Amino acid sequence: EFVVEVGDELHVVIQALSREAADPFNTSTNVYKVDINGEIELPILGAIPVQGLTLNQVEATITDKLQNNLQKAFVEVSFANASIVILGEVKNPQRMGIANPISIFEALGAVNGFTANARINAVEVLRKQDGQVSKYILDLSSSEVFQSPCYYLIKGDVVNVRPLHAVSSNQ
């Protein structure tokens, strides 16, 4: 599961048996950015520390805070900005929203696979960790891909499927 980091945007919806009772806890967008202190600021509840927590843990934390204000509350939290980028020699390059880690094969299937010029034995994955960008090269034709730390893509990853042959321009 993903953990919440500074800069993430969380979509938080608070519901209860009585919609009117839950309304004051929601905004028009229900999207909250994790500030530099690792907190989100919710209506009525104030600052909630969320950095380093999973979405389930954030839901439980908010539910606990609601006990004094709202009975039988239901809290749903999702990432509003978690995505990966897939580009290069794929049929439908795009930024793709993801809620959980996704395998490289699931992601490539979602963009309708490779073009005929795809170099599947040297797919690049760029991953930002601890403020630094690391580059991984995956051979998707090898069973070793299943052992790669990038077999499961996480939020912020960039996948670049390089070409077999450079395309020349006619100028």
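Val12 has Val77, in strand 5, as its bridge partner. The two strands involved, strand 1 (residues 9-15) and strand 5, pair in the antiparallel sense over six bridges. The model is predicted, and the chain has an average pLDDT of 92, with 97% of the residues scoring at least 70.

**Three-stranded sheet**

- Strands 2, 1 and 5 form an open sheet in the order 2-1-5, and the pairing is antiparallel.
- Strand 2 (31-33) and strand 5 each have a single partner strand, so these two edge strands are left with one side that has no neighbour in the sheet.
- From one strand to the next, the twist averages 30°.
- Helix 2 lies across strand 1 and strand 5 of this sheet, and its direction is at about 145° to strand 5.

**Five-stranded sheet**

- A second open sheet has five strands in the order 7-6-12-9-10, with mixed pairing.
- At its edges stand strand 7 (94-97) and strand 10 (132-138); each has a single partner strand, so one side of each lacks a neighbour in the sheet.
- Neighbouring strands here are turned against each other by 20° on average, with direction ignored.
- Strand 6 and strand 7 run antiparallel and are joined by four bridges.
- Within this pair, Ile84 is matched with Met96 of strand 7 as its bridge partner.
- In general, strands of a sheet pair through backbone hydrogen bonds, in either a parallel or an antiparallel arrangement.

**Nonpolar core**

- The largest nonpolar core has 45 residues, and those touching the most other members are Leu10, Val12, Ile40, Ile62, Ile86 and Ile104.
- Two or more residues come from each of strand 1, strand 3 (39-42), helix 2, strand 5, strand 6, helix 3 (104-110), strand 9 (123-129) and strand 12 (158-161).
- Helix 2 gives the largest share of this core, four residues.
- Apart from neighbours within four places in sequence, Val12 is in contact with Asn26, Asn30, Tyr32, Ile40, Leu42, Ile62, Val75, Glu76 and Val77.
- Two of these contacts of Val12, Ile40 and Ile62, are also listed among the core residues that touch the most other members.
- In soluble globular proteins, nonpolar side chains tend to be buried together.

**Two buried loop residues**

- Ala82 is found in the loop between strand 5 (74-79) and strand 6 (83-88).
- Ala82 has a relative accessible area of 7%, which is under the 20% limit, and therefore counts as buried.
- Setting aside residues up to four places away in sequence, Ala82 touches Phe2, Met96, Gly97, Ile98 and Lys155.
- Ala82 and Glu9 are 73 residues apart in sequence, while their C-alpha atoms are 8.1 Å apart in space.
- Thr54 is found in the loop between strand 4 (46-49) and helix 2 (55-66).
- Thr54 also counts as buried, because its relative accessibility is 13% and the limit is 20%.
- With residues up to four places away in sequence left out, Thr54 touches Glu1, Phe2 and Val3.
- Phe2 is thus a contact of Thr54 and also a contact of Ala82.

**Confidence**

- Confidence in the chain is lowest in helix 1 (residues 19-22), where the mean is 89, and highest in strand 12, at 97.
- Where pLDDT is low, predicted coordinates should not be read in detail.

How values were computed
Residues numbered from 1 in each chain as written. Predicted model: local features only at pLDDT ≥ 70, side-chain atom pairs only at ≥ 80, totals over all residues. Heavy atoms only, no water. Buried < 20%, exposed > 50% of the residue type's maximum accessible area, 1.4 Å probe, protein only. Contact = heavy atoms within 4.5 Å. Pairing = 2+ DSSP bridges. Axes fitted to C-alpha atoms, helices over the stretch in contact; angles between N-to-C directions. Core = buried A, V, L, I, M, F, W, Y, C linked by side-chain atoms within 4.5 Å. pLDDT = per-residue confidence, 0-100.
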